[in-house]
Amino acid sequence: MITALYMPSTLAIKACQPLNNFVFVVLTIRFLYSTGRAKIQHNTSTAEDKLKKRPSSIKSKPAPVDSNICIRLSLDLQSEISRCLISQEAYMSFRLVCKLWRSVAPPLRWKVVVDGDAAPSYDQDSMWLLSLNRKDGLCTFYNPFRNFNCYMSNNDLVGCEIRYAKDGWLLVSKGKSFFLLEPSPSRKQIIHLPQKRYDYLCDIMSFSASPTNSSGWVIFGIALLNVFQVRISYLRQGDDRWTCITRDSEMPFLLSSSSPVYFGEEFCVIGQHGDVGVFGFKDGTPYWVIHKLFQQYSPRIYDACRLFLVQQDQNVLHSVVVTPQHDVHVYELDFGSNIIVKLVKEVKNWLFFTSEASSVAVCGMNVNVDNAVFFPTFNTCNDYTYYSLEDVAFKVLKDNCTDKTYQKELLNCVWIRCELRGN
C-alpha cells in the first residue's frame with residue numbers, strides 16, 4: 001500500500017510495500033484452480049492418523065512439490081501472469097517456483113533513451129516515473145501503464161536530491177555538491193561538478209542538454225531573494241566554478257516549484273501567477289527578462305495554483321495549471337512580437353508527463369490513452385491517476401474510470417524514457 005506522509009507544504013508518499021509470498025502463492029493456486037488446469041488431490045487422513053503412522057525417532061521430510069502446476073499452463077499464459085505482478089518480491093517469488101517459471105520471467109533490464117536514438121513512436125514500456133529513496137539510494141522505476149515497478153540500487157545517490165532530468169541524465173545535489181549522473185545499470189557515468197561557494201542553494205535548476213549530446217551544455221539555477229530580485233547561478237561546460245549574479249525584476253515575480261525549461265537557447269522559468277522569466281546570453285553577456293502574461297490567462301491564475309512548463313517540440317511551449325479544485329488547464333505560450341496566451345482544449349495524440357523536477361511531451365505513444373496530462377499522483381485507493389483533457393477530469397488508469405478524489409503526489413521523482421529488455 002502507499003503510505004501518505006504529511007509535510008508542511010506538500011504531500012509525499014512512500015514506495016509500495018511488496019506483495020508477500022503467501023498472498024502470491026494463494027493467488028496463483030486460486031487462478032489455477034479456477035481454470036480447471038490444476039489437479040488438487042484431497043487427503044482424507046487426519047492429523048492424528050499421521051502422527052500414529054510416523055515413527056517418533058524419524059524426522060519428517062517436506063513433501064515434494066508437484067511439478068504439474070508448472071506445466072499445465074501454456075508458456076504464453078505463464079509469461080502473461082508474471083507481467084501482472086506489481087512488486088519486486090512477488091516477481092522474484094514467481095521466478096523461484098521452478099526452472100520453467102524462471103525461464104518465462106527473465107530478469108528485467110532497462111536502457112535509458114535519449115532523443116538522438118529514440119524511436120519515432122513509443123509503447124507502454126517507454127515512460128517511467130523514477131523516484132529516489134534518499135536514505136539508501138534505491139531507485140524505483142514505476143510504469144503507470146503496466147502498474148509495474150523495477151528497482152536499481154545506487155550508492156552514489158544516498159542522501160541526494162534529484163533536481164532535474166533530461167536526455168537520460170540526472171542533475172543531482174547533495175548539500176553544496178552537484179553532479180550529473182546517467183542512471184543506467186549497464187553503464188554508469190558520473191560528472192562531478194564544482195561545489196557551490198555559498199551556503200544558499202538554488203530553488204530550482206535545469207540544464208540545456210546532456211553532456212554526451214552537446215559540446216556546450218549549461219547548468220542553470222535560480223533562487224528568489226525578494227519579489228523584485230533573484231540570484232542566478234550558472235555553470236558552462238569547462239568552467240571550474242559557478243558564476244553567481246543578482247538581477248532585478250521589473251515587476252513582482254515569485255518562483256513556482258517546477259523546474260526551468262531550456263527553450264530556444266534560453267532558460268524559461270514560470271512564476272506563481274503565470275509570468276515567465278527568461279535567462280540567456282547575448283554576445284556572451286547574461287540577461288534576465290520577464291514576460292508579463294498573468295493578465296492574459298483565462299480563467300485567471302490564483303496563488304494556490306500549481307504551474308508547470310512543458311516543451312511540446314522545438315517551437316511550442318505550454319504552461320500546465322493545476323487548480324486547488326483539481327482542474328487542469330493547458331495554455332500555449334508565444335513570446336513573439338505579440339505575446340499570446342491561448343487556452344488549449346486538446347493536445348491531440350500528445351501526452352504531457354509533468355513533475356516538479358522534469359516535464360516532457362511525447363507524441364504518438366502506442367497506448368490506449370492520449371490527449372492527457374500525467375502527474376506523479378495517486379488517488380486515495382493508491383491507484384495511479386492522470387488527467388484527461390477530453391473528459392475534463394482525473395481518471396484512474398487501471399479501469400479508466402473518473403476519479404476526482406484527493407490526490408497524493410510522489411516527491412523527489414522525475415519522468416524518464418527507458419526501454420525494458422529481457423536478459
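Two strands count as paired if DSSP finds at least two bridges between them. With that rule in hand, strand 14 (residues 229–236) and strand 15 pair in the antiparallel sense, over 6 bridges. The model on screen is predicted, and the tour starts from this pair.

**Stop 1: the sheet around strands 14 and 15**

Select Q229 and D248: D248, in strand 15, is the bridge partner of Q229. Then widen the selection to the open sheet of 4 strands, whose order is 12-13-14-15 and whose pairing is antiparallel. Its edges are strand 12 (204–207) and strand 15 (243–248), each of which pairs on one side only. Averaged over this sheet, and with direction ignored, neighbouring strands are turned by 20° against each other.

Move next to strand 13 (residues 218–226), which runs antiparallel to strand 12 and is joined to strand 12 by 4 bridges. To see the register, pick I204, which stands opposite I222 in strand 13. On its other pairing, strand 13 is joined to strand 14 by 8 bridges, again antiparallel. Here V218 has R236 of strand 14 as its bridge partner. The connection between strand 13 and strand 14 is a hairpin through 2 residues.

**Stop 2: a second open sheet**

Select strands 16 to 19. These 4 strands form an open sheet in the order 16-17-18-19, with antiparallel pairing. Strand 16 (261–263) and strand 19 (285–291) are the edge strands, each pairing on one side only. From one strand to the next, the twist averages 30°.

Within this sheet, zoom in on strand 18 (residues 276–282) and strand 19, which run antiparallel and are joined by 7 bridges. K282 is a useful marker: this residue stands opposite T285 in strand 19.

**Stop 3: the nonpolar cores**

Show the side chains of W128, L130, C139, F141, L157, L170 and V414. Among the 20 residues of the largest nonpolar core, these touch the most other members. Now colour the strands that each supply at least two residues of this core: strand 5 (127–133), strand 6 (138–143), strand 7 (148–153), strand 8 (161–166), strand 9 (169–174), strand 10 (177–183) and strand 32 (413–422).

Centre the view on V414. Leaving aside residues up to four places away in sequence, V414 touches W128, L129, L130, I162, A165, L170, S355, A357 and S358. A second, separate core has 19 residues, including M127, V362, A372 and W415.

**Stop 4: cysteines**

How many disulfides are there? The count comes to 0, where a pair of cysteine sulfur atoms would have to lie within 2.5 Å to qualify. Two cysteines to select are C150 and C305. The cut-off for buried is under 20% relative accessible area, so C150, at 5% relative accessibility, counts as buried. C305 is likewise counted as buried, at 10% relative accessibility.

**Stop 5: asparagines in loops**

Go to the loop between strand 26 (365–366) and strand 27 (372–378), where N371 is found. N368 is found in the loop between strand 26 and strand 27 as well. Is N368 buried or exposed? N368 has a relative accessibility of 75% and therefore counts as exposed, the threshold for exposed being over 50%. Draw a distance from N368 to D123: their C-alpha atoms are separated by 10.0 Å, although the two residues are 245 residues apart along the chain.

N371, in contrast, is buried, with a relative accessible area of 7%. The side chain of N371 reaches the backbone nitrogen of V347 at 2.6 Å. Select its surroundings too: not counting residues up to four places away in sequence, N371 touches K345, E346, V347, K348, W350, L351, S388, L389 and E390.

Continue along the chain to N379, in the loop between strand 27 and strand 28 (384–388). At 2% relative accessibility, N379 counts as buried. What does the side chain of N379 reach? The backbone nitrogen of D383 is reached at 2.8 Å.

**Last stop: the whole chain**

Zoom out. The protein has 6 helices and 32 strands. Of its 423 residues, 45% count as buried. Among contacts in the protein with a separation of 6 or more, residues 24 or more positions apart account for 50%.

Methods: Residues are numbered from 1 along each chain as its sequence is written. This is a predicted model: local features need pLDDT of at least 70, side-chain atom pairs count only at pLDDT 80 or more; totals for chains, interfaces and linings use all residues. Side-chain values use heavy atoms; hydrogens and water are left out. Axes are lines fitted to C-alpha atoms, for helices over the stretch in contact, and angles run from 0 to 180 degrees between N-to-C directions. Buried means under 20% relative accessible area, exposed over 50%, partly exposed in between (1.4 Å probe, protein chains only). A polar contact is a pair of N or O atoms within 3.5 Å; within protein, one must be able to donate a hydrogen and the other to accept it, and residues adjacent in sequence count only if both atoms are side-chain atoms. Contact means heavy atoms within 4.5 Å. A nonpolar core is a set of buried Ala, Val, Leu, Ile, Met, Phe, Trp, Tyr and Cys residues joined through side-chain atoms within 4.5 Å.
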